[in-house]
2 protein chains.
Amino acid sequence: MERRTVFFVSDQTGVTAETMGHSLLTQFDGQAFRQVTLPFISTLDKAEEAVRRINATAENEGVRPVIFSTLVQEDLREIIKLANGLFLDFFDAFLGPLELELKVKSSRAQGKAHGMQDLGAYTLRINATNFALANDDGAVAHDYDRADLILVGVSRSGKTPTCLYMALQYGIFAGNYPFADEEFESGRLPQSLIRYEKKLYGLTIAPERLQQIRNERKPNSRYASPAQVEYELRAAEGLFKRYGIPYINTTECSIEEIASRILDKTGVERRLRP
Amino acid sequence: MERRTVFFVSDQTGVTAETMGHSLLTQFDGQAFRQVTLPFISTLDKAEEAVRRINATAENEGVRPVIFSTLVQEDLREIIKLANGLFLDFFDAFLGPLELELKVKSSRAQGKAHGMQDLGAYTLRINATNFALANDDGAVAHDYDRADLILVGVSRSGKTPTCLYMALQYGIFAGNYPFADEEFESGRLPQSLIRYEKKLYGLTIAPERLQQIRNERKPNSRYASPAQVEYELRAAEGLFKRYGIPYINTTECSIEEIASRILDKTGVERRLRP
């Protein structure tokens, strides 16, 4: 099978180019791609160096690379365009139509998308991340008053990474509370949560998958046993139903997808955009 | 000032559409945009519902919305295209040229970009996140053998969010160790870190900014005082220089940017792509 090199070229971090390129590449099953990020290509010198690197790859591999780029400045784009590769630039494609529509020239300024022009946004993400950490795993010193959401479910159903992702990506304040023996046995929510019933969202997961995840962490433990896993999941779903807590099955979901689905269902507003 | 509504329409989470749209919108300073995400538009019915929503917005606001979309299926795109708005679809723009270049038809399958086709990737992100949490803040039970990177610096220089971002975004195993009195006074790294010198990367930050961040957390404390902040930062930079630890000033950087710059400088490989 032919292997292509794909370059993500950006005057900034390359995150947008990577996201865009990755979405497109996943549409080509069975193709092998080597992925290289060239971030911070913000001067003519660096752009020329990038072109040399792309051209050397084309020569070595006998097939020209694919270049996903997000270069705001036209002069830099013009240089990268000359490289021996398929050039797909995202500002090139969309900035023109947008300018026409908005009837205004864009600023064509680098470093806007992920720069620090907005200290407030930075602080919000940090605060949301700290909130998620301080309100993780049913922390004693929780602060559910400030929470946008509180995720509940059994251990290893995906609560913590989802909370952290929501914090970093969207500035959302999400805490989480793991159901454990006390809840399973009583079939009741703890007092600390009942006041916040409207903020609760449940995560559940297929028993086989949970066994697998838990077994990786504590091999051959009771914690990872089929009987325990099934008992806990049944009890957790019982709680969700008893209290009318909406819930999502995370078995087939990525973290992004769990987060997006919860925001979509609850209507909790993103405080930040990526 | 005219306010436009911008829709992010996706058959998946909308993260790619948001990222793409946000990059473009930041090029239009001084314009006000209301941003609405319509994720999981994966059926003809949902697409028609989205069109009704977009058209109602156009009617109410007297100006047609901008639509950033990432719809893999052509039939869904064809429906959204009929909405009263500027339609910018990213598969529409790039899938054709890519198919020509790769000489293969794309699968045009939904849910590839952030789906769960790859359980290994999910597990890797979760493990990397757990690693970041278990190796946060100089944890006693650290596991630096498995670390790709260990971030060092004073309290509140950005270590924890950067580690978590690297874990969630790239599956990188990053721990962190905060410098404190012991290191400031001795001017030496602790034994636990010396073995791992090659994995260390320093964060520093402008004193004014650090004061501001600490003051938000502990107002009027010694911890947030100009003298203490300056003392700590000088001592930390002394350590970086003494041990030849590369470091970055995070004052003007977003979390994405800190992460990208560190990966760029160290050559640590991304284990995952967004």
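Guide: Before we start, copies here are superposed by least squares on the C-alpha atoms of residues with pLDDT of at least 70 in both. This is a predicted model, where local features need pLDDT of at least 70, side-chain atom pairs count only at pLDDT 80 or more, and totals for chains, interfaces and linings use all residues. Side-chain values use heavy atoms, with hydrogens and water left out.

Visitor: What turn lays chain B on chain A?

Guide: The superposition gives an RMSD of 0.1 Å, with a shift of 0.0 Å along the axis. That's the relation of a two-fold axis, and the turn is 180°.

Visitor: How many residues does the contact take from each chain?

Guide: Contact means heavy atoms within 4.5 Å. The copies meet through the same surface, because 99% of the interface residues of chain B are also interface residues in chain A. The contact takes 85 residues from chain A and, from chain B, 86 residues.

Visitor: How many salt bridges are there between chain B and chain A?

Guide: We're counting a side-chain nitrogen of Lys or Arg within 4 Å of a carboxyl oxygen of Asp or Glu. A:Glu256 and B:Arg125 pair up this way, at 2.9 Å from N to O. The count between the two chains is 8 salt bridges.

Visitor: Why is A:Cys253 not bonded to the closest cysteine sulfur?

Guide: A disulfide needs a pair of cysteine sulfur atoms within 2.5 Å. The closest cysteine sulfur to that of A:Cys253 belongs to A:Cys163, and it's too far for a bond, at 15 Å.

Terms used
Residues are numbered from 1 along each chain as its sequence is written. Chains are lettered from A and ligands numbered from 1 in the order in which they are written.
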